[in-house]
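Work through the exercises below with the sequence and the structure side by side, and try each task before reading its solution.

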Amino acid sequence: AASGRPLKLLTLLLVVQGDRVLLGMKKRGFGMGKYNGYGGKVEAGETVLEGALRELHEEAGIKATDATPRGRMLFEFRGEETVMDVRVFSASAFEGEPTESEEMTTEWFGVDKLPFDRMWADDRHWFPILLDGGFFRGYFEFEKDKIVDGVLERTADA
Ligand SMILES: Nc1nc(SCCc2ccccc2)c2[nH]cnc2n1
């Protein structure tokens with residue numbers, strides 16, 4: 001039997017190198033005006049990891065060489081039928097030089113100076129788990145940019 005609401009499979013990749021994180025300011029489309037990792041849709045014929053690596057290269061001009069799954073977030077927006085199923089990856093090594101694209105800037109932030117007030121409101125909850133090497137799963141319900149409900153747990157794996 002079919003389960004509940006339709007899920008939209010998306011990726012999000014955070015490049016974390018020692019005490020700094022590579023973030024992009026989204027210039028247009030979904031999440032415009034917020035800093036975020038790099039990601040987007042998974043295309044037919046590619047794996048979720050391949051999709052994450054493709055989006056990173058398209059949006060930031062680099063090829064991650066050690067990307068690994070770190071968590072899974074479900075995001076529901078009041079009034080929208082589909083739920084976003086975001087597969088979160090991190091990487092610490094890459095080839096090339098971070099290069100701004102039409103979609104995203106490329107800016108390094110110290111792990112203690114992350115611009116959470118200019119990021120999605122859920123990020124401040126799971127970034128600490130990501131940065132300490134842990135894994136996480138969460139669900140957040142939004143009304144526009146505000147969290148109206150949510151749960152988050154540290155898990156043994158992604
Ligand atoms: N950090 C974060 N990211 C997203 S969407 C990431 C996936 C995506 C979707 C569309 C285009 C590019 C990337 C969020 N949504 C609600 N909270 C959130 N937090």
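## Exercises on the ligand and the cores

**Exercise 1.** Find which element gives the most to the shell around the ligand, and then the elements that each supply at least two residues.

*Solution.* In this predicted model, strand S1 gives the most to the shell around the ligand, namely three residues. Going on from there, S1, strand S4 (38-41) and H2 are the elements that each supply at least two residues of that shell. The ligand that they help to surround sits in the largest pocket.

**Exercise 2.** Identify the residues that come nearest to the ligand, and look for polar side-chain atoms beside its nitrogen atoms.

*Solution.* Begin with the 14 residues around the ligand, of which Asn36, Gly39, Trp120, Asp122 and Asp123 come nearest. Next, take the side chains in turn: Asn36 has a polar atom 3.0 Å from a nitrogen atom of the ligand, and for Asp122 the corresponding distance to a ligand nitrogen atom is 2.7 Å. In the side chain of Asp123, an N or O atom is 3.0 Å from a nitrogen atom of the ligand. Finally, of the 450 Å² of accessible area that the ligand has on its own, the protein covers 92%.

**Exercise 3.** Which residues of the largest nonpolar core touch the most other members, and which elements give two or more residues to this core?

*Solution.* The largest nonpolar core has 26 residues, and those touching the most other members are Leu14, Leu23, Val88, Trp126 and Phe127. Two or more residues come from each of strands S1 (7-17), S2 (20-25), S6 (68-77), S7 (83-91) and S10 (135-143), and from helix H2 (123-131). A second core, separate from this one, has 14 residues, including Leu13, Val15, Leu22 and Tyr38.

Key. Residues numbered from 1 in each chain as written. Predicted model: local features only at pLDDT ≥ 70, side-chain atom pairs only at ≥ 80, totals over all residues. Heavy atoms only, no water. Core = buried A, V, L, I, M, F, W, Y, C linked by side-chain atoms within 4.5 Å. Buried < 20%, exposed > 50% of the residue type's maximum accessible area, 1.4 Å probe, protein only. Helix = DSSP H or I, 4+ residues; strand = E, 2+ residues; numbered from the N terminus. Near = heavy atom within 4 Å. Polar contact = N/O pair within 3.5 Å; in protein donor to acceptor, adjacent residues only side chain to side chain. Areas by Shrake-Rupley, 256 points an atom, 1.4 Å probe, with all protein chains shown as cover. 1 Å grid on protein atoms, 1.4 Å probe; cavity = no way out; pocket = protein on both sides within 12 Å on 5 of 7 lines; lining within 4 Å. Sits in = over half its atoms within 2 Å of the grid points.
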